[in-house]
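Work through the exercises below with the sequence and the 3D structure at hand. Try each task before reading its solution.

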There are 2 protein chains.
Amino acid sequence: MKVIRDIGKMKIYSRIKKKDGKTVGFVPTMGCLHEGHISLIKNARKQNDVVVLSIFVNPAQFGKNEDFSKYPGDLEKDEEIAKTEGVDIIFYPSEKEIYPKEYSTFVNVEALTGNLCGKSRPGHFKGVTTIVCKLFHVINPDMVYFGQKDFQQAVVIKKMIVDLNMDIILKVLPIVREADGLAMSSRNSYLSKKERNDAAVLHKSLRRARDLFSEGEKDANSIRSSMKDIINSKESVSIDYLKIVDPIWLRDIKTIQNKALVCIAANIGKIRLIDNTVLGDHENQ
Amino acid sequence: MKVIRDIGKMKIYSRIKKKDGKTVGFVPTMGCLHEGHISLIKNARKQNDVVVLSIFVNPAQFGKNEDFSKYPGDLEKDEEIAKTEGVDIIFYPSEKEIYPKEYSTFVNVEALTGNLCGKSRPGHFKGVTTIVCKLFHVINPDMVYFGQKDFQQAVVIKKMIVDLNMDIILKVLPIVREADGLAMSSRNSYLSKKERNDAAVLHKSLRRARDLFSEGEKDANSIRSSMKDIINSKESVSIDYLKIVDPIWLRDIKTIQNKALVCIAANIGKIRLIDNTVLGDHENQ
């Protein structure tokens, strides 16, 4: 396994592989790898000749008062995990390499980004689509892997790929959870022991939503209300949003027809976590 | 020569050529080809194995009150010219093929677009960079050709290519002019005979700017003032902007150091034309 920090070298590497007829699988991350990322890498490893993992904490997707400067990072540990999982290249560029002085081009998906995290974090998805578009041009992948925990992110990137006529297959893999159901996240490491225990209410509330739906409940507000009762039982947890939306356009729905996405963003102490589940999708946990 | 209307077929064609080790030269146009376009095609023909010419009148780069619906088009004549000049493929997609229902992804260069045509035509360059980015993904060119008449467009696209880490060489070719100096433009065909004669003042004023500069005049306002006198001598011509800017960042300058871009946008009757020249650049006419 090699670590490449230079855009030019990364381009040459992937173009040589592509010229040799190899397929390239790409797992974009902000580092601090956990079981969720490992599931993405394992799938990329199975489905491609070459696996590139990028590690870049992207300033363009953090708001002014968010945790960019504090985002956790441990390259040494990430390298070990990547090596064990059979990654070929870690692409680990500096901020200056990605956003040189006078950088000024942005890619924005105008639909799909007005609700949920797009509403809570103005400009966030513009930062996400911009960095992902750049990484696609550098790495030139055949397949790219994202986790369902960031459901809206996956939908937005899918839309960018289709709208901009890119030749990339996007794979979205299921959320990987801790034993008590908490979705794996790099930010979990910041939680105190008590907060960590309390955080389990997020998944508990999603399970309640699934139970209610399977018992025949179709009214979004009734489901949301039961979920809120569960979440609000923990004082350290405050809801940012708790929404039930259609999984295609992410618009709020009142009555659930076939499928619906239930999604939560909540602050546990000072740490913002997100989670979701798709009602009417039996593969979802 | 073949006309391809389908994005999927265009992708397959260019990918097969690339796989065979061929280079692809790309000339994006809105059709109604004139000598300016022909100069681009001739250069693309010389420098590449395959030449793709696109014809697409891009609604996203026209403002609400602009001439999108009236933009001239004559595919049959364009086909003849393209064939004569050795074009391999005309890519001629429908509006629905490029912007299907629910289309919503846009590429925007935030610097460079606040002055000149970016100021007069809000949203214009966002439309330009979006369509060019899409066409790049479809056609996958090695080299792309633009004319210097749209100086700001070329600079903005160059910035997009660099910022988004695209592997495309941009070539900007000199303005091709009529005998009296009027820059070739598809829109010239709309001018009445009198307007056509009057339109020559645009280039006449640019020549005056070059003369004054070569005589030692460095003051932008003095040069602009002399130019205005020439242009305003024709009643049918009204200036939209007449600016002297630095050719890198397109910011207004007061005193010319080495190089400066002099650019005009003017309405001749109801037809908006643009023209420019670079002072301090001896290759410029």
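The exercises that follow deal with symmetry, strands, helices and cysteines.

The model is predicted: local features need pLDDT of at least 70, side-chain atom pairs count only at pLDDT 80 or more, and totals for chains, interfaces and linings use all residues; side-chain values use heavy atoms, with hydrogens and water left out. Residues are numbered from 1 along each chain as its sequence is written, while chains are lettered from A and ligands numbered from 1 in the order in which they are written.

**Exercise 1. The two copies**

Find the turn and the shift that lay chain B on chain A, and name the relation.

Step 1. Copies are superposed by least squares on the C-alpha atoms of residues with pLDDT of at least 70 in both.

Step 2. A turn of 180° with a shift of 0.0 Å along the axis lays chain B on chain A, with an RMSD of 0.0 Å. This is the relation of a two-fold axis.

Step 3. In chain B, the C-alpha nearest this axis belongs to B:V107, at 2.2 Å.

Step 4. Contact means heavy atoms within 4.5 Å. Of the contact residues of chain B, 100% recur in chain A, so the same surface serves both copies.

**Exercise 2. A strand pair between chains**

Determine how β5(A) pairs with β5 of chain B, and how much of β5(A) is buried.

Step 1. Helices (H or I, at least four residues) and strands (E, at least two) are DSSP runs, numbered from the N terminus. Two strands pair if DSSP finds at least two bridges between them.

Step 2. In both chains β5 covers residues 105-109. The two strands pair in the antiparallel sense over five bridges. One of the bridges links A:T105 to B:V109.

Step 3. Buried means under 20% relative accessible area, exposed over 50%, and partly exposed in between (1.4 Å probe, protein chains only). Four of the five residues of β5(A) are buried.

**Exercise 3. A sheet and its helices in chain A**

Give the strand order of the sheet that holds β8, β9 and β10 of chain A, then place α9 and α10 on it.

Step 1. The sheet is open and has three strands in the order β8-β9-β10, with antiparallel pairing. Its edge strands are β8 (237-245) and β10 (271-279), each pairing on one side only.

Step 2. Neighbouring strands are turned by 15° against each other on average, direction ignored. Axes are lines fitted to C-alpha atoms, for helices over the stretch in contact, and angles run from 0 to 180 degrees between N-to-C directions.

Step 3. β8(A) is joined to β9(A) (residues 260-268) by eight bridges. A:K243 has A:C263 in β9(A) as its bridge partner.

Step 4. Helix α9(A) (residues 200-214) lies across the three strands β8, β9 and β10 at about 20° to β10(A). Helix α10(A) (residues 220-232) also lies across β8, β9 and β10, at about 160° to β8(A).

**Exercise 4. Helix α9 of chain A**

Check the length of α9(A), then find what its buried residues pack against.

Step 1. The expected span of a helix is 1.5 Å times one less than its number of residues. For the 15 residues of α9(A) this should be 21 Å, and the end C-alpha atoms are 21 Å apart, which agrees.

Step 2. The buried residues of α9(A) include A:V201, A:L202, A:L206, A:A209 and A:F213. The buried residues pack against α8 (193-198), α10, β8, β9 and β10 of chain A.

Step 3. A:G216 follows the helix and has a positive phi, near 110°.

**Exercise 5. A serine in chain B**

Locate B:S226 and name the residues that it touches.

Step 1. B:S226 lies in helix α10 of chain B.

Step 2. Leaving out residues up to four places away in sequence, B:S226 touches B:R208 and B:L212. B:S226 and B:L212 are 14 residues apart in sequence, and their C-alpha atoms are 9.0 Å apart.

**Exercise 6. Cysteines**

How many disulfides are there over all chains?

Step 1. A disulfide is a pair of cysteine sulfur atoms within 2.5 Å. A search of the whole structure finds zero.

Step 2. For B:C32, the closest cysteine sulfur is in B:C117, 19 Å away, which is too far for a bond. B:C32 counts as buried, because its relative accessibility is 18%.

Step 3. B:C117 has the sulfur of B:C263 as its nearest cysteine sulfur, 7.9 Å away, and is in no disulfide. B:C117 also counts as buried, at 7% relative accessibility.
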